[in-house]
Amino acid sequence: MSTPPLRVALPSGTARRGVARVLGEVGIAATILPEGTPADLACVSLDAVRGGPVAPRSLDGLVDPLVVGGLAPAAVRRCQVGGRLLALPRTFDVRLWWARRDQAPHPPESWAELALSGLVAGVPGTGPALFQVFAKLVTSHGGRLVDDELRPTLATPEGEQALDLLLRIAAPAGPALAGWDDETVAVELAEGRLALAGVWAGATPVLRAGPAYEHLDPHLVPAGPAGRRSWARGLAWVVPRGARDVDAAVSALDVLAGAEAARHDLAEGLPAAHVGAAAAEVPADASDARRIAIVLETAAHYVVPALPLARLGAVEAAAWPPLHEAVAGRLDAPAALAAADRAARKAAG
């Protein structure tokens with residue numbers, strides 16, 4: 001009796017491409033299913049590893065330590081909950097800054113310098129990305145986002161300073177910025193309407209396709225008094241508790257967390273979590289070589305640690321609307337920060 005194909009649930013878009021082929025090359029037959037479908041192996045958001053809709057099985061003692069050792073340590077830490085390894089990272093995306101060399105040949109090194117520069121900078125003014133920018137400003141100024149009782153804490157002196165900086169950095173771009181999400185910021189930068197902006201490394205194909213790319217240079221994220229901080233996002237592989245063939249799923253994990261699968265993801269524009277594959281990526285040009293180096297440095301040293309919140313997605317979703325009201329000029333900063341703090345605490349449960 002033949003073994004049924006491994007059921008693999010994948011999100012839509014580029015993350016679906018090539019998975020069945022990579023597994024097929026090592027003799028593992030797979031059926032690709034939509035995200036959320038019962039499966040033996042699932043690709044989920046890194047943030048969904050902790051408290052997401054798919055209940056993951058612990059991978060402790062199941063996966064080869066050498067496989068885990070080839071992955072970005074900061075990404076692996078995002079996959080650990082209570083000391084247990086619940087997933088293996090597939091992609092790990094961090095933010096870097098790009099600046100036009102004709103408008104900002106020596107871009108500000110710190111957030112404070114950027115706020116004083118008057119440069120038209122691109123930051124998200126809406127959506128969860130707005131909360132993420134606020135969060136990295138808080139942590140780069142030595143502040144905390146979660147208190148000793150594991151509750152969100154945003155209304156702090158560092159939170160006040162972070163929101164003030166965010167509003168001053170956003171001001172030169174005008175009222176339109178309040179409607180910008182991550183994708184819009186990348187497009188505005190690519191089209192040449194910004195002097196500099198912070199975008200995900202995964203947005204590099206958007207920049208390359210724009211007329212301003214030839215004028216852009218990549219840079220590390222600006223620093224605060226406590227150093228540089230970057231938010232991170234990504235995808236991870238989990239074995240759901242309802243998997244019918246755990247051994248086959250673990251065998252597939254060894255392949256999908258390896259260098260060959262990572263090289264395929266890189267070719268599709270996905271920022272691979274495999275350190276060796278990411279370091280060996282062939283740059284398209286001199287700026288791209290610098291981008292690769294910055295991404296590796298940022299992922300290794302500057303990532304904001306994972307927040308110990310089971311409902312992080314809900315906290316982000318609750319906290320950003322008051323911050324957006326401040327960016328849009330409809331709410332003063334102290335009131336917005338207090339409202340974001342209340343909303344975050346309520347969402348955390």
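Arg 291 is buried, with a relative accessible area of 7%, where buried means under 20% relative accessible area, exposed over 50% and partly exposed in between, for a 1.4 Å probe and protein chains only. The model is predicted, so local features need pLDDT of at least 70 and side-chain atom pairs count only at pLDDT 80 or more, while totals for chains, interfaces and linings use all residues. Residues are numbered from 1 along each chain as its sequence is written, and side-chain values use heavy atoms, with hydrogens and water left out.

Arg 291 belongs to helix H12, residues 286-301; helices here are DSSP runs of H or I with at least four residues, numbered from the N terminus. Setting aside residues up to four places away in sequence, Arg 291 touches Leu 96, Trp 98, Thr 204, Arg 208, Pro 218 and Glu 281, a contact being heavy atoms within 4.5 Å.

A second element to follow is helix H13, which runs over residues 312-327. From its first C-alpha to its last, H13, with 16 residues, reaches 22 Å, close to the 22 Å expected at 1.5 Å a residue, the expected span being 1.5 Å times one less than the number of residues. At Trp 320 this helix bends by about 25 degrees, and a proline, Pro 321, follows within four residues; the bend is the angle between axes fitted to the seven residues ending there and the seven starting there.

The buried residues of H13, among them Leu 312, Glu 316 and His 324, pack against helix H5 (128-140), helix H6 (157-170) and helix H14 (333-348). Just after H13, Gly 329 adopts a positive phi of about 80 degrees.

Technical notes: Helix = DSSP H or I, 4+ residues; strand = E, 2+ residues; numbered from the N terminus.
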